[in-house]
Amino acid sequence: MNSKTNYEEYKQLLTSVLKEQSEELVFRKQLKNNNVYLDAICLKNKSVSPVVYLESYFESFNSGTSIEEIANQILDVLHSSPTDIVENETRHLFHYEENKDRIFPAVINYSQNKDYLRRIPHRKFLDLAIVYKIIFSDEIHSNFAFTINNCVMSHWNITEEELYTQAIENSKNENEYTVLTLYEAVLNILPSDKHPEEITNLIDVNNSEVMLTVMDKSGFLGSSALMFPEVFKKALEDYYPDSTKLLILPSSTKEVFLIPYPEDNTSILELWEMVKSVNETSVAPQEILSNENIYIYEKESNIVRIFEKSEVME
């Protein structure tokens, strides 16, 4: 096993090995969500190339995988990815009519992405920003997304309002939001050879009966459910018929967690600290949705809004 190495040493080692093994690589910093820059690698002289991030392999290296093995894995990904499929799809990117039925809304943190938001069409929503993605589906591989930027918008010659309307319509018609207990969610992601008895040892069963998670069909736009109160209305009816309020915890950009409104104010106040702690320890920086707020759905008004701490103090 490797002794613990800091990221910069790992990056220097891996970059050196990759440059020795291939001369067709481009190394660059790539801006991601929340003003996070990642170390990216792609192929030279390709109109479309898969992108691999060095950060994704750092934990594996510190767990004992050799730098040569990681380099080989990266090269395999770069050369085996379906670039012909991606290239074919992106060739038609500037044609609105060919893409309008696969435009979907996503939500990201507003204050952490002000520079990024200057480059893309968006609108303010709660403490978040609604942005727009084209979802490409490939039955053999998986979904992948392209964030619509100002350049694409200028070619399409449509307004942000038109883009918003199209994205909302597509999401209502095509993007299914799934509400699961944590127990069900864990069953979905763990290997099939794990028995239910083993799973119950990994999660708090009592808590899993209370807390729910909301995900979407694509697997990475689950937090956009915040835009659709009907998702939370149905969750109340199906899981908490005696409750009229849901607290919504911003787990990540990929999903949100739900709990019925607790009777104990002390436990409510602890939720803000829990979200902050989970973001610091368990969520990738570029996937953090909100560090400051939690949200509430109220059946009477049928809206989702920011839940203020002052409401608990009253």
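This section describes a six-stranded sheet, the helix lying across it, and a separate helix with one buried face, in a predicted model.

The sheet is open and has six strands. Their order is 8-9-11-10-12-13, and the pairing is antiparallel. Strand 8 (177–181) and strand 13 (303–307) stand at the edges. Each has a single partner strand, so one side of each lacks a neighbour in the sheet. From one strand to the next, the twist averages 30°.

Strand 9 (residues 212–216) pairs with strand 11 (residues 256–260) in the antiparallel sense. Three bridges join these two strands. Within this pairing, Leu 212 faces Leu 258 of strand 11.

Strand 10 (245–249) has strand 11 and strand 12 as neighbours in the sheet order. Its pairing with strand 11 is antiparallel and runs over four bridges. Here Leu 247 stands opposite Ile 259. The two strands form a hairpin, with six residues between them. Strand 10 also pairs with strand 12 in the antiparallel sense, again over four bridges. In that pairing Leu 246 stands opposite Tyr 297 of strand 12. Strand 10 is mostly covered, with four of its five residues buried. In a regular strand, side chains alternate between the two faces of the sheet.

Helix 13 (residues 265–282) lies across four strands of this sheet: strand 10, strand 11, strand 12 (294–298) and strand 13. The helix runs at about 25° to strand 10.

Helix 3 was examined next. This helix covers residues 67–80 and has 14 residues. At 1.5 Å a residue, a span of 20 Å is expected. The end C-alpha atoms are 20 Å apart, which agrees.

The buried residues of helix 3 are Ile 67, Ile 70, Ala 71, Ile 74, Leu 75 and Leu 78. Seen down the helix axis, they fall within an arc of 135°, so they line one face of helix 3. An α-helix has 3.6 residues a turn, so residues three or four places apart point the same way. The face turned away from the buried side carries the exposed residues Asp 76 and Ser 80.

Several elements cover the buried residues of helix 3. Among them are two helices, helix 1 (7–21) and helix 2 (58–62). The cover also includes strand 1 (25–32), strand 2 (36–43) and strand 3 (52–53).

Note on methods
Residues numbered from 1 in each chain as written. Predicted model: local features only at pLDDT ≥ 70, side-chain atom pairs only at ≥ 80, totals over all residues. Heavy atoms only, no water. Pairing = 2+ DSSP bridges. Axes fitted to C-alpha atoms, helices over the stretch in contact; angles between N-to-C directions. Contact = heavy atoms within 4.5 Å. Buried < 20%, exposed > 50% of the residue type's maximum accessible area, 1.4 Å probe, protein only. Expected span 1.5 Å × (residues − 1). Arc of directions from axis to C-beta.
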